[in-house]
Amino acid sequence: MKKEEDLESPLLSDGEPAPADTKGCAYALVCALLASLTSIIYGYNRGVMSGAQKFVQADLGVTDGQLEVLIGATSVYSLVGSLAAGWTCDRAGRRRAVALAAAMFLAGSAATAAANGYAALMAGQLVAGVACGFGLVVAPVYIAEIAPASSRGFLSSIPEIAGNSGILLSYIADFALADLPTTLNWRLMIGIGAVPPLFLAAAAVLAMPETPRWLVLHGRHDEARRVLARTAGDADRRLREIAASVREASKGGAGGEGVWRELLLRPTPAVRRVMLAILGLQVFQQACGVAAMVLYAPRVFSHVGITSDRAVLGATVLLGAAKTVAIVVPLFLTDRLGRRPMLLASAAGMAASLLVLGLSVRAPPAAASYSWWAAATCVAAAAAFMATFSLGFGPVISMYGSEILPLRLRAQGTGIGTAINRVMSAVVGMTFISMYEAVGMAGTFYIFAAFSAAAWVFVYACLPETKGRSLEEMEALFDAGANKPSPRATLS
């Protein structure tokens, strides 16, 4: 059989990936888009409560305290899902995990939309939250393993773009349905989220292949070769590389218990550095306060004098649009500039915009002139924050985490990182109202700005560049004894 041009090769002498084969890239792109439906559904479920919460409170009599618990608990539930997703990915496969996530999204959205009280809301969000945890894990893992090194940065950014698109669609749905009767509008807002999982489940069952690395890990080499023949120019060479990586992993005895032991109890220096990088990035991603803006932006805008429901929801749509449009930038620049420069620029932009946002909400809108200035500055700064977040700390973190984990630890390690992310998201979601009541809205955003500045320091000091390296080379890159470029050098 005639071999096509190599889609990827090990790290070349000049540090650049090999030219990509067009057919292979197209097939990998289709697979990535199908997997990213999970992220669209996750984003919709995450953002829809931002506009629906006011109507839920009016219809079902939910208090602010109950609302904080409801929204924050969804992140706690997704923690359970993210941990279960790693185990499911390893045992059942990446493709079946996508199908399971779709089924849970369908059930969770339908149950929440039909709720007639607070307990029923919590039950529906329990199922949807577990599905969100699955969605956060399975799409990045699937794409990292199906994508060639030459386009992994491009393809691995798609789930984040899809997630932001889902958030934007939820904001648009909130805006479009806000004028319907209160007993109906929020149910439609949430219930629409039950439609896309039907298509995702069908795609996972009928169209998506299993990843070659999972197939090799389970001894199904012929199937892995068939998949690689559609995504890699030299399928036999890539199969040998993956098989060698699996054999190396098996020497460490990394079974189910062995994975957890190597990740948490007795990690090698390289694995310790990998986990430090992953956990640190996940903590800082949420500590900057992005969940507060996604979930509570209408409250922030109301604080500066925007009183019309449609104006508040329209401004929220603007935030979603800024976040989604900006996410396209790393899609094209991450493989060219590298991961570190994108993360550093993102952290700096977030810190600056959060400081401006804090200034804009520092005092109550006592006068009409102040109200106009504060409202305009607040919306602009919030949009700038969302945009700069999307430049790096949105898409690059999941990409970076998925590609630096060794194959034997990838699913479980990604699950741990996502679990920490969900814990931090829950903390922000469950404390934002209480926090701004205690220290003021401005003080809350100053705290988020301080965390963003700390994130910049963490990236600069702790993260090596991974651009152009194959997945099988990452452990050597993080080995404490390996020769690594200095942080300053990787900025060039």
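The accessible surface of the chain comes to about 18200 Å², and 67% of that surface belongs to carbon and sulfur atoms (Shrake-Rupley method, 1.4 Å probe; for residues, only the protein chains shown count as cover). The model is predicted, with local features needing pLDDT of at least 70 and side-chain atom pairs pLDDT 80 or more, while totals for chains, interfaces and linings use all residues. Residues are numbered from 1 along each chain as its sequence is written, and side-chain values use heavy atoms, leaving out hydrogens and water.

**Exercise 1.** State how many helices and strands the chain has, and what share of its residues is buried.

Solution. The chain holds 21 helices and 0 strands (DSSP runs numbered from the N terminus: H or I of at least four residues for helices, E of at least two for strands). Of its 492 residues, 58% are buried (under 20% relative accessible area; exposed is over 50%, partly exposed in between; 1.4 Å probe, protein chains only).

**Exercise 2.** Describe the largest nonpolar core and the surroundings of Phe432.

Solution. The core has 144 residues, and Leu281, Met293, Phe301, Phe393, Phe432 and Phe445 touch the most other members (a core is a set of buried Ala, Val, Leu, Ile, Met, Phe, Trp, Tyr and Cys residues joined through side-chain atoms within 4.5 Å). Helix α1 (residues 22-60) gives the most to this core, with 14 residues. Beyond four places in sequence, the contacts of Phe432 include Glu68, Ala292, Tyr296 and Phe445 (contact: heavy atoms within 4.5 Å).

**Exercise 3.** Classify Asn185 and Tyr446 as buried, partly exposed or exposed, and list their contacts beyond four places in sequence.

Solution. Asn185, in helix α7 (residues 182-191), has a relative accessible area of 0% and is therefore buried. Asn185 touches Phe55, Leu177, Ala178 and Leu180. Tyr446 lies in helix α20 (residues 410-462) and counts as partly exposed because its relative accessibility is 30%. Tyr446 touches Leu355, Gly358, Leu359 and Arg362. The C-alpha atoms of Tyr446 and Gly358 are separated by 6.0 Å, although the two residues are 88 residues apart along the chain.

**Exercise 4.** Identify the residues of the nonpolar surface patch and the helix that gives the most to this patch.

Solution. Leu83, Trp260, Leu264 and Leu265 make a patch of about 410 Å². Helix α12 (residues 256-265) gives the most, with 3 residues. Leu83 is found in helix α2 (residues 64-92); its relative accessibility is 38%, so Leu83 counts as partly exposed. Patch residues have over 30% relative accessible area and no salt bridge; like charges are joined within 9 Å, and nonpolar side chains (Val, Leu, Ile, Met, Phe, Trp, Tyr) within 5 Å. A salt bridge is a side-chain nitrogen of Lys or Arg within 4 Å of a carboxyl oxygen of Asp or Glu.
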